[in-house]
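Hi everyone, thanks for coming. I'll walk you through one structure today, starting with a small detail and working outwards. Have the picture open while I talk.

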Amino acid sequence: MTKKLFTLAAAALVMGFASCSKNDDGGANSGEDKAVKLRISGDFDGTRAEGPGSILGSEPTVSFISGHLYFVDAGGNIVKHLNITNDGAAVTATGVGINTLKTGATINVSSSAKTVHFIGNDPGTTIPTTGLFSNVRAYAVSIESQVNSTAGAYDLKNSTLYGEGTINTAVGDGSAGSPHTCGVTVGIISSRIEIGKFTQTGSVITGYKIEGIFLNYYYPSMNVDGTKSAAAMVTNGSDPAGYVDNSLTYTSYATANKYITYDYAAAGLGNLDVATSKIYTPATAGKVWAYNILAPQKISTSDWAAVPHIVVKVTGITPAGTFTEPQFLTVKGFSQSNVPLTKIEPGKIYKIASINFDDTNLTPEPEQTTFNVAVTITMPQWVIENVDADL
């Protein structure tokens, strides 16, 4: 029996395969087995985003909670699946602990295996583990599942991770001393928007409060591999009555989605700086308003997710009678270094230091006059960038 070995390397997660021993307890499909020693390295609990964290929780970090490892043949059939648990469990016929993988674990798979697929933090227990891998790819991930709501954290901890790679038999001869290779880049499939503060730059308004922040034009779900699902984009309309807590007009703002697709407080979401009466910040110093979003991708970059809208409900405007209330700000674009962004990419945090506005940006209905904002883009552990919000 010929033993074939390969190594798997990732930018954020590094998987290395080396020969261990010949064993007949391999894959589901017929064919010779290859002994695989899988080692995963990478700071799963430190895949962190730089920044002050969410208004309700901790730093926007991503932790490995649980996962799946798939070996797939040329016909797209799953030839082996292992559950990955967040512990040091040894390799069994059905699973292995992440800590064991970090130090190296011997796994036997079918010699028909051609590709390797890694899924971390899937949102449910019904993801397929046998059959065609195309069914795994099409497994739906909801925007709600990308938020860790434990104890009101609402951070990035539960964000789904995905990566895949093709075994390169052109490198090495498959022997213990010359294994084949496979490069896999593992990344977060969701994105995040953070708002640091609001700044009123005009001279007409002398006071205001931010009563609500609502995401609009966003995807409610996507496939686990980061591509678009069948779910249509949420495109709520311009009815002011729909932008309230537990909205009956726009069900995406139901109470269950509070802090996920919207924030709302009749008394205001933060505090107005008394010295200037212009700057409005979160109630907790050093925090931000933060929302995890889905950014489904396809092969063509022209299919990448469009920039979502941010609808801001403004009330308590002074001098009294200056405007009928409520008034709205609608952010429909982000810019980085004065260059408008045309897409939202997965694994990036779009940090808006301040949404600057004046009285000309306010409208009695949302989704009317719009502007862009400058943002800074940060990739958890991997990349950092800055952008602006455009009004």
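Okay, find the loop between strand E17 (207-216) and strand E18 (221-223), because that's where Tyr-217 sits. One thing before we go on: what you're looking at is a predicted model.

So what's odd about Tyr-217? Its phi is positive, about 55°, although Tyr-217 is not a glycine. Most residues other than glycine have a negative phi, and most peptide bonds are trans. Is Tyr-217 buried, exposed or partly exposed? Buried would need under 20% relative accessible area and exposed over 50%. Tyr-217 comes out at 29%, so it counts as partly exposed.

There's another residue like that. Ser-277, also not a glycine, has a positive phi near 55°. You'll find Ser-277 in the loop between E20 and E21. With a relative accessible area of 21%, Ser-277 is partly exposed too.

Now for peptide bonds. Which bond leads into Pro-319, and is it cis or trans? The bond from Thr-318 to Pro-319 is cis, with omega near 0°. Pro-319 lies in the loop between strand E23 (309-318) and strand E24 (327-336). Stay in that loop, since Pro-326 is found between E23 and E24 as well. The bond from Glu-325 to Pro-326 is cis, with omega near 5°.

Let's zoom out. How many helices and strands does the protein chain have? There are two helices and 29 strands. The chain has 391 residues, and 51% of them count as buried. Take the contacts between residues at least 6 apart in sequence: 67% of those join residues at least 24 apart. As for the outside, the accessible surface is about 15,200 Å², and carbon and sulfur atoms account for 51% of that.

On to the sheets. Strands of a sheet pair through backbone hydrogen bonds, either parallel or antiparallel. One open sheet here has four strands, in the order E20-E21-E16-E27, with mixed pairing. Which strands are at its edges? They're E20 (270-272) and E27 (355-357), and each of them pairs on one side only. From one strand to the next, the twist averages 20°. Look at the E20 end: E20 and E21 (residues 279-282) run antiparallel and are joined by three bridges. If you want a spot to click on, Gly-270 has Pro-282 in E21 as its bridge partner. And remember Ser-277? The loop between E20 and E21 is where we met it.

Now compare that with a strand further inside, E15, residues 190-195. How many of its six residues are buried? Six of the six are, so E15 is largely enclosed by the rest of the structure. Both faces are covered: Ser-190, Arg-192 and Glu-194 are buried on one side, and Ser-191, Ile-193 and Ile-195 on the other.

E15 has partners, too. With strand E22 (residues 289-294), E15 pairs in the antiparallel sense over six bridges. With strand E26 (residues 349-352), E15 pairs in the parallel sense over four bridges. Ile-195 shows up in both pairings: its bridge partner in E22 is Trp-289, and in E26 Ile-195 stands opposite Ile-352.

Keep Ile-195 in mind for the cores. In soluble globular proteins, nonpolar side chains tend to be buried together. The largest nonpolar core here has 50 residues, and Ile-195, Phe-198 and Phe-334 have the most contacts inside it. Apart from that one lies another core of 20 residues, including Phe-71, Leu-156, Leu-161 and Ile-167.

Last stop: aromatic rings. How many aromatic pairs does the structure hold? The count is 14. One of them is Tyr-253 with Tyr-262, where the ring centres are 5.9 Å apart and the planes sit at 65°, so this pair is edge-to-face. The cut-off for that label is over 60 degrees. Tyr-253 has a relative accessible area of 0%, so it's buried. Tyr-262 is at 0% as well and also counts as buried. Both belong to one aromatic cluster, together with Phe-214, Tyr-243, Tyr-250 and Phe-328.

That's my tour, so over to you for questions.

How values were computed. Residues numbered from 1 in each chain as written. Predicted model: local features only at pLDDT ≥ 70, side-chain atom pairs only at ≥ 80, totals over all residues. Heavy atoms only, no water. Buried < 20%, exposed > 50% of the residue type's maximum accessible area, 1.4 Å probe, protein only. Contact = heavy atoms within 4.5 Å. Areas by Shrake-Rupley, 256 points an atom, 1.4 Å probe, with all protein chains shown as cover. Pairing = 2+ DSSP bridges. Axes fitted to C-alpha atoms, helices over the stretch in contact; angles between N-to-C directions. Core = buried A, V, L, I, M, F, W, Y, C linked by side-chain atoms within 4.5 Å. Phe/Tyr/Trp six-rings, centres within 6.5 Å; stacked < 30°, edge-to-face > 60°.
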